[in-house]
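Welcome, and please keep the viewer open while you read. The briefing below walks through a few spots that are worth a click.

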Amino acid sequence: MSEIRSALGAAYAPGHHGVAGTGVTLRERLDLDLVQVAAFAQTREPLTAALSHELGMLLPADGRTASLQGDVTVYQIAPGRYLISRPWGVGATLFDELTPVIGPDVGAVTDLSHARSFIELRGEAAREVLARGFALDLDPLVFGENAFAQTPVHHISTLLHRLPGEPSAFRILVLRTFARSFWEWLFETSEAFGCEVLEAQR
């Protein structure tokens, strides 16, 4: 696989920024593989069955909650359409692994590894930072673990996922084309709470 290069460029500066204290930490993830798998109108059931068998997990039942199994995360972004991510490993890429399983009569597998940027936000002020741009109710009782939503922030399309196991941890997927603009908004908003930008995870 080709090396994933950051779309954030010089705007990504590890270190402490903003006011004293650390309300949030920010980290770009460059170690995640990503594909989209989409069924045709009449092939949703066979695609879902084949994908579930190959991944060894139940797929999401709706478009609001992600499914996780080990390092694999699956989002249903439309009926019969899934985004699947996992860390790059020693073996085959998701595209190489799933393409033979999802034949051309059943659906299409598209490699999006170089098409999205992954940014993670953690910390006690994470909800407050996100609330300044995301028009979502992020109360844990409403937007709990593994909840996700596709929503624009200043006209930039994003997918926001509340990660499991931590009370204030979120992952954001954003089109690489707009990643730098989105990052600038996120970084400047986070500075008001004190933020630590961590080295990108590769």
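His155 sits in the loop that runs between strand 9 and strand 10, and that loop is a good place to begin. Please bear in mind that this is a predicted model. From the loop, the tour goes on to salt bridges, a helix, a pocket and a cavity.

**The loop between strand 9 and strand 10**

- His155 has a positive phi of about 70°, although the residue is not a glycine.
- With a relative accessible area of 82%, His155 is well over the 50% cut-off, so this residue counts as exposed.
- His154 lies in the loop between strand 9 (148–153) and strand 10 as well.
- For His154, too, phi is positive, at about 50°, and again the residue is not a glycine.
- His154 is exposed because its relative accessible area is 54%, and the class begins over 50%.
- Val153 belongs to strand 9.
- Is Val153 buried or exposed? Its relative accessible area is 2%, so Val153 is buried.
- If you would like a distance to check, the C-alpha atoms of Val153 and Thr110 are separated by 25 Å, and these two residues are 43 apart along the chain.

**Salt bridges around Arg29**

- How many salt bridges does a search of the whole structure find? The search finds eight.
- Arg29 and Asp31 meet through their side chains in one salt bridge, at 2.8 Å from N to O.
- Asp31 and Arg29 are both buried.
- Glu120 also forms a salt bridge with Arg29, and here the closest N and O atoms are 2.9 Å apart.
- This second pair links distant parts of the chain, with Glu120 in strand 8 (residues 116–122) and Arg29 in strand 2 (residues 24–29), 91 residues apart.
- Glu120 has a relative accessible area of 3%, so it counts as buried.
- Arg29 has 11% relative accessibility and therefore also counts as buried, the limit for that class being under 20%.

**Helix 4 and its salt bridge**

- Helix 4 covers residues 176–191, 16 residues in total.
- From its first C-alpha to its last, helix 4 reaches 22 Å, close to the 22 Å expected at 1.5 Å a residue.
- Where is the kink in helix 4 centred? The kink, of about 25°, is centred on Phe182.
- The buried residues of helix 4 include Phe182, along with Ala179, Trp183, Trp185, Leu186, Phe187, Thr189 and Ser190.
- Arg180 and Glu184 form a salt bridge whose closest N and O atoms are 3.5 Å apart.
- Both of these partners lie in helix 4, four residues apart, or about one turn of the helix.
- An α-helix has 3.6 residues a turn, so residues three or four places apart point the same way.
- Arg180 is partly exposed because its relative accessibility is 36%, and Glu184 is partly exposed because its relative accessible area is 34%.
- Elsewhere, salt bridges that share partners join Arg29, Asp31, Glu120, Arg122, Glu166 and Arg171 into one network.

**The largest pocket**

- The largest pocket holds about 180 Å³ of space.
- Its lining is made up of Gln36, Ile77, Leu83, Arg116, Gln150, Ser157, Thr158, Leu159, Leu173, Val174 and Leu175.
- Which strands each supply at least two residues of this lining? They are strand 10 (156–162) and strand 11 (169–175).
- Sorted by class, the lining of the largest pocket has six nonpolar, four polar and one charged residues.

**The largest cavity**

- The structure holds one cavity of 30 Å³ or more.
- The largest cavity has a volume of about 60 Å³.
- Around the largest cavity you will find Ile4, Glu28, Arg29, Leu30, Leu32, Ser113, Arg116, Ser117, Phe118 and Arg176.
- Strand 2 and strand 8 are the elements that give two or more residues to this lining.
- Strand 8 provides the largest share, three residues.
- By class, the lining of the largest cavity has four nonpolar, two polar and four charged residues.
- Arg116 is named in the lining of the largest pocket and also in that of the largest cavity.

Definitions and conventions. Residues are numbered from 1 along each chain as its sequence is written. This is a predicted model: local features need pLDDT of at least 70, side-chain atom pairs count only at pLDDT 80 or more; totals for chains, interfaces and linings use all residues. Side-chain values use heavy atoms; hydrogens and water are left out. The expected span of a helix is 1.5 Å times one less than its number of residues. The bend at a residue is the angle between axes fitted to the seven residues ending there and the seven starting there. Buried means under 20% relative accessible area, exposed over 50%, partly exposed in between (1.4 Å probe, protein chains only). A salt bridge is a side-chain nitrogen of Lys or Arg within 4 Å of a carboxyl oxygen of Asp or Glu. On a 1 Å grid over the protein atoms alone, a cavity is a set of points where a 1.4 Å probe fits but cannot get out, and a pocket is an open set with protein on both sides within 12 Å along at least five of seven lines; lining residues have an atom within 4 Å of a point. Grid points are joined across faces, edges and corners, and a volume is the space filled by probe spheres set on the points. Ala, Val, Leu, Ile, Met, Phe, Trp, Tyr, Cys and Pro count as nonpolar, Asp, Glu, Lys and Arg as charged, and the others, Gly among them, as polar.
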